[in-house]
Amino acid sequence: MSKNELVAKIEALNEWEALMEEAKAEADTLRDSIKAEMADLDVEELEVGTYIVRWTSVLTQRFDTTAFKKEMPDVYKNFIKQSASRRFSIA
């Protein structure tokens, strides 16, 4: 593949990623307006036409690695595992 072809692909990628960001922003705006309506109605579930929209509270429990690392650094070191990955970026 020539350098010109690579430049064209990078520029096309940049355009598509910008379009995806715009679409995500629009979707987030629509999602927020639906949530606002549900908050106004004070409901967690709403039937609209053929759709059922749910916006529910969920409780989760997560392990606090930062606190564990401070309290028991030696034990923390025993359970660390290294992983490798590849990062793709264009500057």
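In this predicted model, the side chains of Asp28 and Lys24 meet in a salt bridge, with a distance of 3.0 Å from N to O. Asp28 also pairs with Arg31, whose side chain meets that of Asp28 in a salt bridge at 2.9 Å, again given from N to O. The structure holds three salt bridges, and the points below take them up together with a nonpolar patch on the surface.

**The salt bridges within helix α1**

- Asp28 and Lys24 are four residues apart in helix α1, which covers residues 3-41, so about one helical turn separates them.
- Arg31 lies in helix α1 as well, three residues from Asp28, and this spacing is also about one turn of the helix.
- Asp28 is partly exposed, because its relative accessible area is 25%, and Arg31 is likewise partly exposed, with a value of 43%.

**The salt bridge between Arg54 and Glu45**

- The side chains of Arg54 and Glu45 meet in a salt bridge of 2.9 Å, from N to O.
- Arg54 counts as exposed, at 55% relative accessibility, whereas Glu45 counts as partly exposed, at 43%.
- Elsewhere, salt bridges that share partners join Lys24, Asp28 and Arg31 into one network.

**The nonpolar surface patch**

- Met1, Leu6, Ile10, Phe88 and Ile90 make a nonpolar surface patch of about 530 Å².
- Ile90, one of these residues, lies in the segment after α3, the helix of residues 73-78.
- The relative accessible area of Ile90 is 39%, and therefore this residue is partly exposed.

Note on methods: Residues are numbered from 1 along each chain as its sequence is written. This is a predicted model: local features need pLDDT of at least 70, side-chain atom pairs count only at pLDDT 80 or more; totals for chains, interfaces and linings use all residues. Side-chain values use heavy atoms; hydrogens and water are left out. Patches are made of residues with over 30% relative accessible area and no salt bridge: like charges are joined within 9 Å, nonpolar side chains (Val, Leu, Ile, Met, Phe, Trp, Tyr) within 5 Å. Accessible areas come from the Shrake-Rupley method with a 1.4 Å probe; for residues, only the protein chains shown count as cover. A salt bridge is a side-chain nitrogen of Lys or Arg within 4 Å of a carboxyl oxygen of Asp or Glu. Helices (H or I, at least four residues) and strands (E, at least two) are DSSP runs, numbered from the N terminus. Buried means under 20% relative accessible area, exposed over 50%, partly exposed in between (1.4 Å probe, protein chains only).
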